[in-house]
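Thanks for coming. I will go through one model today, beginning with a term and then moving from helix pairs to single residues.

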Amino acid sequence: MVALRPLKPLKPLQPLTSKATPAKTNAMRLAVLAKQPQPNVAPQPVPHTLIAAYTAQLEVIADRSYRIADSTVIAAVRRQQLLAESWEAKQKSDADEPDPDEMQPGQRAAYQNKQHTPAQKRQLTLPFAIETAIAAMDRRMGEYALTIPIAEIVTKQGVRIEANAAAVNVRMLNSIGLQAIEPQSAIATARNAWVKENAALIRSQPAEVAQRIGAKVQEMVERGSRWETIAKELEAEHGIATNRAKLIARDQTSKYNGALNQAYQQEAGITHYQWRGAMDARERPTHVALQGLVFAWTDPPPVGHPGEDYACRCVGSPVVSATLIQNSTSVTSEQLAAKVQALGPQVKGGKPV
C-alpha cells in the first residue's frame with residue numbers, strides 16, 4: 001500500500017478590501033472619475049441653525065453694550081433736553097441773544113436747541129455733563145469687554161461648525177466614491193485664524209457701540225441739532241448694534257465653513273471647484289457673474305473663494321471631470337467688473353431677471 005503524502009496547507013485567501021491608504025484610494029478613484037461625466041454634487045451652505053446660535057450670543061453682547069450707553073450718554077442727553085425746555089420756558093419774553101461764554105449748563109443746553117449760523121455751529125462744544133457721560137460710557141464699555149466669555153463663545157461655535165462641515169464633506173465625498181480624510185493640520189490652521197479673528201470681533205463690539213454713539217453726539221451738537229433729535233438718533237443705535245451682531249455671525253460662520261470645505265476637498269485630492277451661489281435677490285452681481293465658473297483652489301477669483309467675501313453664502317462644488325478642469329479660468333478684477341457690466345439689466349439686486 002502506497003503511503004499518501006500529506007497535503008500542503010492552503011494559503012489563506014487575501015482580503016477583498018484594499019490596503020491602500022485613503023489618499024491612494026482617492027488618487028486612483030479620481031483618475032477614473034476624470035473620464036466620466038461630472039457628477040452633480042455640491043456641499044450645502046451653512047445651516048441657519050448654526051448662524052442663529054452664534055447670532056443669539058452676539059446679540060446679548062450688543063444689547064448689554066447698548067444698555068451701558070443708554071444709562072450713561074443717552075440718559076445725559078435726555079437730561080440736557082429737560083434743562084433746555086425748562087430754560088426756554090423762562091426765556092420766552094427775553095429778546096436778547098445770550099452770550100454763550102456766560103451760560104450755565106442749562107442755558108447752554110437751551111442755546112444749542114436754537115437755530116444757528118454756520119459760524120456759531122463751529123463754536124458749539126459738548127456740555128460738561130455730556131463729556132462726563134461719554135467718558136463714563138467708555139470706561140464701563142472697557143470693563144464689560146473684559147467680562148465677556150470669549151473663549152467659551154468661540155469654542156462652542158467652532159465645534160458646531162466643524163461638526164457640520166465634517167458631516168457635509170463625508171456625504172459629499174462618499175457620494176462620488178471618494179473617502180473623506182480629516183486634514184488635521186489644515187483644520188488647525190483654519191481654526192486658529194478663525195478663533196483669533198472672532199475673539200477680536202467680539203471684544204471690539206462694546207468699543208464700536210461706544211465709538212458710534214460718542215461720535216454721533218459730537219457731530220450732531222456741532223450741527224446745532226436739538227437734544228430731542230439727538231436722543232432719537234441715539235435710540236436707533238440699538239438696532240444698528242444688533243444688526244452688526246447678526247452680520248458678524250453670518251459672515252464669520254460662512255467664512256469658517258468655507259475654509260473647512262476647502263481643507264476637506266484639497267485633502268481628498270480635489271484641486272478645482274465650481275462656483276455655486278444662492279442666486280436669489282440678495283446675491284451680489286459679482287457673485288452672479290462667477291456662477292458656474294471653475295477655479296483652482298490655489299487660484300481664487302478677485303472676491304476670494306466661496307465664503308471668504310463678506311457674508312458670502314456661496315459654496316464650491318468639487319470638480320473631478322478632466323474636461324471641466326481643463327476649462328477652468330483665472331479672472332482678474334478688471335475682467336470680473338467687465339462681466340458684471342455685461343450682465344447689465346439681466347441682474348437686479350443680484351438676482352437674474
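Before the helices, one definition: a crossing is called right-handed if the near helix is turned clockwise from the far one by less than a right angle, and left-handed if it is turned anticlockwise. Keep in mind throughout that this is a predicted model.

With that term in place, take helix α7, residues 184–222, and helix α9. The crossing of these two helices is right-handed. Their axes come within 11 Å and cross at roughly 170 degrees. Angles over 145 degrees count as roughly antiparallel, and α7 and α9 are therefore roughly antiparallel to each other. Sorted by class, the contact of α7 with α9 has 16 nonpolar, three polar and seven charged residues.

Let me step back to the whole chain. The protein chain has 12 helices and five strands. It has 353 residues, and 40% of them count as buried. The exposed area of the protein chain is about 19,600 Å², and carbon and sulfur atoms supply 57% of that area. Now the contacts: if we take those in the protein chain with a separation of 6 or more, 82% are between residues 24 or more positions apart.

Now a second helix pair. In general, two packed helices are described by the angle between their axes and the distance between the axes. For helix α2, residues 48–90, and helix α5, residues 128–147, the axes come within 9 Å and the crossing angle is roughly 165 degrees. So α2 and α5 are also roughly antiparallel to each other. This crossing, too, is right-handed. On the α2 side the residues making the contact include V60, I61, R64 and I68, and on the α5 side they include A129, I130, A133 and R140. By class, the contact of α2 with α5 has 15 nonpolar, four polar and two charged residues.

Next, some single residues, starting with two in helices. Is N169 buried or exposed? N169 sits in helix α6, residues 150–175. With a relative accessible area of 0%, N169 is buried. Setting aside neighbours within four places in sequence, N169 is in contact with A180, L260, N261, Y264 and Q265.

The other helix residue is Q262, which belongs to helix α9, residues 237–267. The relative accessible area of Q262 is 17%. The cut-off for buried is under 20%, so Q262 is buried. Again leaving aside neighbours within four places in sequence, Q262 is in contact with W297, H305 and E308.

From helices to a strand. V294 is in strand β2, residues 294–296. V294 counts as buried, at 5% relative accessibility. Which residues does V294 touch, not counting those up to four places away in sequence? They are H272, Y273, Q274, V319, L324, S328 and T329. Of these, S328 is worth finding on the screen: V294 and S328 are 34 residues apart along the chain, and their C-alpha atoms are separated by 4.7 Å.

Now the loops. Two of my residues are in the loop between β1 and α10. One is R282, and the elements on either side of its loop are β1, 272–276, and α10, 285–290. R282 has a relative accessible area of 56% and is exposed. The C-alpha atoms of R282 and R313 are 9.8 Å apart, with these positions 31 residues apart along the chain counted as their separation.

The other is M279, also in the loop between β1 and α10. M279 counts as partly exposed, at 26% relative accessibility.

M279 brings me to backbone angles. Most residues other than glycine have a negative phi. What is the phi of M279? The value is near 55 degrees, which is positive, in a residue other than glycine.

A311 has a positive phi as well, near 55 degrees, and A311 is likewise a residue other than glycine. Where is A311 in the chain? A311 lies in the loop between β2 and β3, the latter being 315–319. At 21% relative accessibility, A311 counts as partly exposed. The partly exposed class lies between the 20% and 50% cut-offs.

To go over the helices once more: α7 and α9 are roughly antiparallel, and α2 and α5 are roughly antiparallel. That is the end of my part.

Key
Residues are numbered from 1 along each chain as its sequence is written. This is a predicted model: local features need pLDDT of at least 70, side-chain atom pairs count only at pLDDT 80 or more; totals for chains, interfaces and linings use all residues. Side-chain values use heavy atoms; hydrogens and water are left out. Helices (H or I, at least four residues) and strands (E, at least two) are DSSP runs, numbered from the N terminus. Buried means under 20% relative accessible area, exposed over 50%, partly exposed in between (1.4 Å probe, protein chains only). Contact means heavy atoms within 4.5 Å. Accessible areas come from the Shrake-Rupley method with a 1.4 Å probe; for residues, only the protein chains shown count as cover. Axes are lines fitted to C-alpha atoms, for helices over the stretch in contact, and angles run from 0 to 180 degrees between N-to-C directions. Angles under 35 degrees count as roughly parallel, over 145 as roughly antiparallel, 65 to 115 as roughly perpendicular and the rest as oblique. Ala, Val, Leu, Ile, Met, Phe, Trp, Tyr, Cys and Pro count as nonpolar, Asp, Glu, Lys and Arg as charged, and the others, Gly among them, as polar.
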